[in-house]
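Reader: I am new to this structure and would like a careful, close look at one part of it, set against the chain as a whole. Please take me through it step by step.

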Amino acid sequence: MTPFDQALSDYLSRLEQLRHQGASEDSIRHVFLHFLQTAFPELSAARPIQVEQHVPGLSVRGGFADAICGDLIFEFKRKLDDQTRSDGQQQLQRYLAAQPQPEHCVGILTDGQTLEVYVLRDG
């Protein structure tokens, strides 16, 4: 098993445990970001991942981006259903629009297993 395969297997097992326990968005974010750092060690060296308490300058109308890595802005939800998806899309739209060059940024809405990728074009 390759290091990536092992990291992915460990992550999916941990995510399943968290879901069974009714874990918070913060817990899902924590294990997801740990997976990224384990599976892609060069990612942390190239661009540190910042979580919401470390990026106060990104406060946008009452919210903070959950995590940022370069031009990637992550929004985590416990599960993706119609309501949380709509809320997450609105949050990402605000976060992306607040960036100096929003057309260069990518928003990722995720529940830790499903990742939906968004870009802001023409507002």
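What percentage of the 123 residues of the protein chain count as buried? And, with that as background, please look closely at helix H4 and at what surrounds it.

Author: The model is a predicted one, and in it 37% of the 123 residues of the protein chain count as buried. The chain holds 4 helices and 5 strands, which follow one another along the sequence in the pattern α-α-α-β-β-β-α-β-β. Among the contacts with a separation of 6 or more, 49% are between residues 24 or more positions apart. The accessible surface of the chain comes to about 7,300 Å², and carbon and sulfur atoms account for 50% of that surface.

Helix H4 runs over residues 82-97, and because a helix is expected to rise 1.5 Å a residue, its 16 residues should span 22 Å, which agrees with the 22 Å between its end C-alpha atoms. At the N-terminal end, Asp81 acts as a cap, with a side-chain oxygen 3.2 Å from the backbone nitrogen of Gln83.

The buried residues of H4 are Gly88, Gln91, Leu92, Tyr95 and Leu96. They cover an arc of only 130 degrees around the axis, so they lie on the same side of H4. On the other side of the helix, Asp82 and Gln83 are exposed. What the buried residues of H4 pack against is a set of strands, namely S3 (72-76), S4 (106-110) and S5 (115-118).

Two residues of that buried side, Tyr95 and Leu96, reappear when the nonpolar cores are considered, and for this it helps to begin with the largest. That core has 19 residues, of which Phe32, Leu33, Leu36 and Phe74 touch the most other members. Helix H1 (3-20), H2, strand S2 (67-69) and S3 each supply at least two of its residues, and H2 gives the most, with 7 residues. Apart from this core lies another, of 10 residues, among them Ile73, Tyr95, Leu96 and Leu120. As a general background, nonpolar side chains in soluble globular proteins tend to be buried together.

Helix H2 itself covers residues 25-39, and its end C-alpha atoms are 21 Å apart, in agreement with the 21 Å that its 15 residues should span at 1.5 Å a residue. Its buried residues are Ile28, Arg29, Val31, Phe32, Leu33, Phe35, Leu36 and Ala39. Leaving aside neighbours within four places in sequence, Leu33 is in contact with Ile49, Val51 and Ala67.

The last of these partners, Ala67, belongs to strand S2 and has a relative accessible area of 0%, which is why it counts as buried. Not counting residues up to four places away in sequence, Ala67 touches Arg29, Leu33, Ile49, Gln50, Val51, Leu72, Ile73, Phe74 and Phe76. One of these, Gln50, is 17 residues from Ala67 in sequence, yet their C-alpha atoms are 5.5 Å apart in space.

To return to the strands that H4 packs against, Asp111 is found in the loop between S4 and S5. Its relative accessibility is 7%, and because buried means under 20%, Asp111 counts as buried. A polar atom of the Asp111 side chain lies 2.9 Å from the backbone nitrogen of Gln113. Beyond residues up to four places away in sequence, Asp111 touches Leu15, Arg19, Ile28, Lys77, Arg78, Lys79 and Leu80.

Key
Residues are numbered from 1 along each chain as its sequence is written. This is a predicted model: local features need pLDDT of at least 70, side-chain atom pairs count only at pLDDT 80 or more; totals for chains, interfaces and linings use all residues. Side-chain values use heavy atoms; hydrogens and water are left out. The expected span of a helix is 1.5 Å times one less than its number of residues. Buried means under 20% relative accessible area, exposed over 50%, partly exposed in between (1.4 Å probe, protein chains only). The arc is that of the directions from the helix axis to the C-beta atoms. Contact means heavy atoms within 4.5 Å. A polar contact is a pair of N or O atoms within 3.5 Å; within protein, one must be able to donate a hydrogen and the other to accept it, and residues adjacent in sequence count only if both atoms are side-chain atoms. Accessible areas come from the Shrake-Rupley method with a 1.4 Å probe; for residues, only the protein chains shown count as cover. A nonpolar core is a set of buried Ala, Val, Leu, Ile, Met, Phe, Trp, Tyr and Cys residues joined through side-chain atoms within 4.5 Å.
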